[in-house]
Amino acid sequence: WEFNGSFYQPSAFLMMGIPGLEALHPWISIPFCALYLTALLGNCVILFIIRRTQSLHEPMYYFLSMLAVTDLGLALCTLPTTLGLFWFNVRRIGFDACLTQMYFIHILSFIESSVLLAMAFDRFIAISHPLRHPSILTKTTVLKIGLAIVLRGVVSLLPIPFLLKRLTYCGKTELSHSFCFHPDIMNLACADIKVNVFYGMIILLSTVGMDFIFIVLSYILIIRTVVSLTTKEECLKALNTCVSHICAVLVFFIPMIGLSMIHRFGKDVPPLVNTLVAYTYLIIPPALNPVIYSIKSTHIREALLRALCRKRG
């Protein structure tokens, strides 16, 4: 491949599965199918239960609905290319299709981060100012927060596909994953990618980074409020309402931070580790979140049992 400084874009990229285990892809697809099925069914059930149960029409469950929709979107973004590669060894993805998938994966990731922040704010208001909670987080306010979250993700990431399209690419077209990821694509370019690196880092820190800081701050304030409660029972009851959300935050942010660090600084990290962290980041949260909330939320669990009993009756 000789480019002589001329502009070049590949017609397609080649996706990678799990390095060194290509012969086992059909078997590896079984747990992936189980995770995708759990993500799709679990989040659809959460949305159905919240929509059908009048007592769940509260800010906490509106935000949970937003989280479920986001998780459904994330699962559907990666499902076709991942299972297509594992089942049929379809590695090729068109250049524009790759940019489109990448754009939606990053948008949905940013939206999930913002929704988790909104849920932390809801828990802070509910615990620290319970009497003012209904007047602060009205249906209109929740709707405005939801629209602001979507708008922030869409607008902040809009330049990314155009920054990638302006680059000249080398002959190497192999991606590190079975889906398209911004750092992965830009590292295949022959041109100067300083603008892409700088913009990606600024956007990541100003959105997901700030979300994480404010989530931590919210829980510091929540703990201060809980400590001031008079009885141990009240403390445990207040903290118990946060357990599901804390689990969702850890499941989402730990792999995301790990993957970002690997792509930017982990040149010597084995490809297998990179791949496993990427799958953990994009597939595990959508599958685990509905399970976590179904187990830990008494209201969700009771509504689900009522719905099952109605169908049996």
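How exposed is E174, buried or partly exposed? E174 comes out as partly exposed, since its relative accessible area is 35%. The views below start from this residue and move on to other parts of the model, which is a predicted one.

**View 1. R91 and E174 join up in a salt bridge.** The side chains of these two residues meet with N and O 3.0 Å apart. Here's where they sit: R91 is in the loop between α2 and β2, E174 is in the loop between α6 (159-165) and α7, and 83 residues separate these distant parts of the chain. Like its partner, R91 has some cover: it is partly exposed, at 25% relative accessible area, while E174 is partly exposed at 35%. The structure holds four salt bridges, and the next two views show others.

**View 2. K165 and D96 form a salt bridge.** The closest N and O atoms of this pair are 3.0 Å apart. Because K165 belongs to helix α6 and D96 to helix α3, the pair ties together parts that are 69 residues apart in sequence. K165 is partly exposed, with 33% relative accessibility. D96 is partly exposed too, with a relative accessible area of 47%.

**View 3. D122 and R123 make a salt bridge out of sight.** R123 and D122 have their closest N and O atoms 3.0 Å apart. Both residues are buried. Keep an eye on this pair, as D122 and R123 also turn up in the lining of the second largest cavity.

**View 4. The second largest cavity holds about 60 Å³ of space.** Its lining is made by M60, M119, D122, R123, T241, S244, H245 and Y293. Which helix supplies the largest share of this lining? That would be α3, with three residues. Helices α3 and α10 each supply at least two residues. Sorted by class, the lining has three nonpolar, three polar and two charged residues.

**View 5. The largest cavity has a volume of about 180 Å³.** It counts among three cavities of 30 Å³ or more. Of the 15 residues lining this cavity, H106, F110, H182, L204 and R264 lie nearest its centre. Two or more lining residues come from each of α3, α7 (182-186), α8 and α10. The largest share, four residues, belongs to α10. How does the lining divide by class? There are 10 nonpolar residues, four polar ones and one charged one.

**View 6. The largest pocket has a volume of about 470 Å³.** Among its 18 lining residues, K172, S176, D184, P271 and N274 are the closest to the centre. Helices α10 (243-265) and α11 (271-296) each give at least two residues to the lining. With three residues, α11 has the largest share. The lining mixes eight nonpolar, six polar and four charged residues.

**View 7. The second largest pocket has a volume of about 360 Å³.** Here 17 residues do the lining, and M60, Y61, R123, T241 and H299 lie nearest the centre. Some of these names may ring a bell: M60, R123 and T241 also line the second largest cavity. Four helices, α2 (59-88), α3 (95-128), α9 (232-240) and α12 (298-312), each supply at least two lining residues. Which of them gives the most? It's α2, with three residues. By class, the lining splits into four nonpolar, eight polar and five charged residues.

**View 8. A nonpolar patch covers about 890 Å² of the surface.** The residues that make it are M210, F212, I213, F214, V216, L217, I220, I257, M261 and F265. Both α8 (194-227) and α10 supply at least two of the residues, and α8 has the largest share, with seven. I213, for one, sits in helix α8.

**View 9. N89 has a positive phi without being a glycine.** Its phi is about 55 degrees. You'll find N89 in the loop between α2 and β2 (92-94). Is this residue buried or exposed? N89 counts as exposed, because its relative accessibility is 53% and the cut-off for exposed is over 50%. R91, from the salt bridge in View 1, is in the loop between α2 and β2 as well.

Technical notes
Residues are numbered from 1 along each chain as its sequence is written. This is a predicted model: local features need pLDDT of at least 70, side-chain atom pairs count only at pLDDT 80 or more; totals for chains, interfaces and linings use all residues. Side-chain values use heavy atoms; hydrogens and water are left out. On a 1 Å grid over the protein atoms alone, a cavity is a set of points where a 1.4 Å probe fits but cannot get out, and a pocket is an open set with protein on both sides within 12 Å along at least five of seven lines; lining residues have an atom within 4 Å of a point. Grid points are joined across faces, edges and corners, and a volume is the space filled by probe spheres set on the points. Ala, Val, Leu, Ile, Met, Phe, Trp, Tyr, Cys and Pro count as nonpolar, Asp, Glu, Lys and Arg as charged, and the others, Gly among them, as polar. Patches are made of residues with over 30% relative accessible area and no salt bridge: like charges are joined within 9 Å, nonpolar side chains (Val, Leu, Ile, Met, Phe, Trp, Tyr) within 5 Å. Accessible areas come from the Shrake-Rupley method with a 1.4 Å probe; for residues, only the protein chains shown count as cover. Buried means under 20% relative accessible area, exposed over 50%, partly exposed in between (1.4 Å probe, protein chains only).
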